[in-house]
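Trainee: I'd like a close look at the buried interior of this protein. Could you walk me through it, and then show me what sits around it?

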Amino acid sequence: MKPKVYITRKVPAEIVTKIEDYCQVRMWDEADIPVPRAVLEEEIKDVEGLFCLLTENIDRELLGKAEQLKVISNMAVGYNNVDIKAAKEKGITVTNTPGVLTETTADLTFALLMAASRRLIESSDYLRSGNWKTWSPMQLTGQDIYGATLGIIGMGRIGASLAKRARGFDMDILYYNRSRKYDLEEELNLTFTEMDSLLKQSDFICIMTPYTPETKNLIGSRELSLMKNTAILINTARGGIVNEEALFHALKKGEIWAAGLDVFEQEPVSLDHPLLSLPNVVTLPHIGSASIKTRMKMADLAADNLLLVLQNQSPKHVVV
Ligand code: NAP
Ligand code: GLV
């Protein structure tokens with residue numbers, strides 16, 4: 001008998017076919033609507049494999065209903081949506097999709113940095129709303145990127161790829177990470193700097209850590225107050241790492257100059273969220289890895305991880 005698998009969102013047909021060669025597949029057949037919790041609670045009961053997205057909260061309570069589950073294959077590198085401890089206790093393997101999305105996410109992070117510093121969205125809106133009457137000396141002026149100081153918090157795969165892009169802009173690159181990266185310091189001319197000092201010195205600060213109990217609210221009012229009032233904060237990691245209320249007040253008071261956010265504490269972010277009312281915040285709907293090629297690679301890797309565990313082999317990327 002083929003093992004049963006549940007896929008929590010409509011994924012491309014070739015991915016379903018690949019899994020179906022070895023498994024009996026059931027799937028939530030919607031691309032843009034997440035599977036309701038009640039459906040997931042029912043579906044998880046008898047499956048051996050779960051293919052899920054970062055939008056699904058795979059918590060202890062849900063795992064308590066899973067009687068046959070061997071593998072949770074998360075189609076994302078971040079896995080803060082999965083209760084890893086509960087999965088481990090039940091002997092369930094958890095896998096993720098690192099690497100294949102690194103360059104695409106670093107591209108988007110740099111794009112957000114450029115959009116926030118040069119006010120791209122605000123300028124486009126200015127033109128389209130008919131406000132552009134003439135060229136004027138200080139109109140829509142922003143902050144320079146070339147030669148500025150970039151502080152990267154979290155020097156992992158994406159952090160390092162971001163640093164490579166920054167080198168092309170002759171930026172001075174500071175980083176903070178829980179462990180020193182001596183090879184990268186040498187290769188990319190990076191300077192390891194304690195957090196507070198990084199916050200004080202950087203013109204741009206990019207968050208690239210995972211979301212964990214240690215990184216929750218890593219950037220709050222104290223950290224924001226240390227930044228330059230011309231600083232630009234970019235977060236493409238996870239929403240909860242930056243305290244949104246503190247960020248709103250810092251931007252409003254002019255403690256920092258702008259922000260670029262691809263991620264939010266609650267996603268999708270509510271349209272009446274205070275941050276969305278500020279012109280100096282560029283907001284994106286969690287599209288860091290959203291290129292066609294990369295999303296296909298992520299889905300394919302998530303399928304491989306799932307199938308390998310169900311075939312009693314080692315997955316390509318295991319969390320636990
Ligand atoms: P990674 O290679 O694991 O890098 C994470 C880095 O953060 C590691 O170097 C790690 O240090 C460091 N770190 C962890 N906890 C820390 C702490 N408390 N203080 C300081 N540094 C800490 O992961 P990645 O592939 O670069 O991805 C990073 C994150 O980006 C993911 O977890 C995900 O949340 C997010 N992401 C978002 C998007 C998007 O669409 N916006 C796309 C992809 C990824 P060690 O080297 O010591 O472990
Ligand atoms: C996206 O946010 C990911 O973690 O892959």
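**Inside and around the core**

Mentor: Let's start with C52, which counts as buried because its relative accessibility is 0%. Please keep in mind throughout that this is a predicted model. You may wonder whether C52 has a cysteine partner. The closest cysteine sulfur belongs to C23 and is 15 Å from that of C52, so the two are too far apart for a bond; a disulfide would need the sulfur atoms within 2.5 Å. Searching the whole structure turns up zero disulfides. C206 is another buried cysteine, again with a relative accessible area of 0%.

Now turn to helix 1, residues 13–20, whose buried residues are I15, V16 and I19. Looking down the helix axis, you will find these residues within an arc of 100°, and so they line one face of helix 1. A13 and E14 lie on the other side and are exposed. What packs over the buried residues? The cover includes three strands and a helix: strand 1 (4–7), strand 2 (24–27), strand 3 (49–52) and helix 12 (292–310).

I19 brings us to the heart of your request. The largest nonpolar core has 79 residues, and those touching the most other members are I19, F51, I219, L233 and L247. Helix 12 supplies the largest share of this core, with eight residues. Where does the core sit relative to the domains? Domain 1 (4–98 + 292–310) and domain 2 (102–283) both contribute residues, so the core lies between them. As a general background, nonpolar side chains in soluble globular proteins tend to be buried together.

I219 is a good place to zoom in. Setting aside neighbours within four places in sequence, I219 is in contact with I153, M195, L199, I207, L224, M227, L233, I241, V242 and N243. Besides the largest core there is a second, separate one of 20 residues, with V35, L63, A86 and I92 among its members.

N243, one of the contacts of I219, has a part to play at helix 11 as well. It caps the N-terminal end of helix 11, with a side-chain oxygen 3.1 Å from the backbone nitrogen of E245. Helix 11 itself spans residues 244–253, and its buried residues are E244, A246, L247, F248, A250 and L251. You have already met L247 as one of the best-connected core residues, those that touch the most other members. Helix 10 (221–226), strand 10 (232–235), strand 11 (258–261) and strand 12 (281–283) are included in what covers the buried residues of helix 11. Just after helix 11 comes G254, with a positive phi of about 80°.

Next, step back to the two domains. Taken over C-alpha atoms, the centres of domain 1 and domain 2 are 32 Å apart. Their contact draws six residues from domain 1 and four residues from domain 2.

The loops give you a useful contrast with the interior. W132 sits in the loop between helix 6 (120–128) and strand 6 (149–153), and with 53% relative accessibility it counts as exposed. Its contacts, leaving out residues up to four places away in sequence, are Y126, L127 and Q139. The W132 side chain also reaches the backbone oxygen of T134, at 3.4 Å. G168, in the loop between helix 7 (157–167) and strand 7 (172–176), is exposed too, with a relative accessible area of 63%.

Finally, a few backbone details are worth a look. Most residues other than glycine have a negative phi, and most peptide bonds are trans. N189 is not a glycine, yet has a positive phi of about 55°. It belongs to the loop between helix 8 (182–188) and strand 8 (190–192) and counts as exposed because its relative accessibility is 58%. H286 also has a positive phi, near 50°, and is placed in the loop between strand 12 and helix 12. Unlike N189, which is exposed, H286 counts as buried, at 19% relative accessibility. As for cis peptides, one joins E267 and P268, with omega about 0°; P268 lies in the loop between strand 11 and strand 12.

Terms used:
Residues are numbered from 1 along each chain as its sequence is written. Chains are lettered from A and ligands numbered from 1 in the order in which they are written. This is a predicted model: local features need pLDDT of at least 70, side-chain atom pairs count only at pLDDT 80 or more; totals for chains, interfaces and linings use all residues. Side-chain values use heavy atoms; hydrogens and water are left out. Helices (H or I, at least four residues) and strands (E, at least two) are DSSP runs, numbered from the N terminus. Buried means under 20% relative accessible area, exposed over 50%, partly exposed in between (1.4 Å probe, protein chains only). Contact means heavy atoms within 4.5 Å. A polar contact is a pair of N or O atoms within 3.5 Å; within protein, one must be able to donate a hydrogen and the other to accept it, and residues adjacent in sequence count only if both atoms are side-chain atoms. The arc is that of the directions from the helix axis to the C-beta atoms. A nonpolar core is a set of buried Ala, Val, Leu, Ile, Met, Phe, Trp, Tyr and Cys residues joined through side-chain atoms within 4.5 Å. Domain bounds come from an automatic or database domain assignment.
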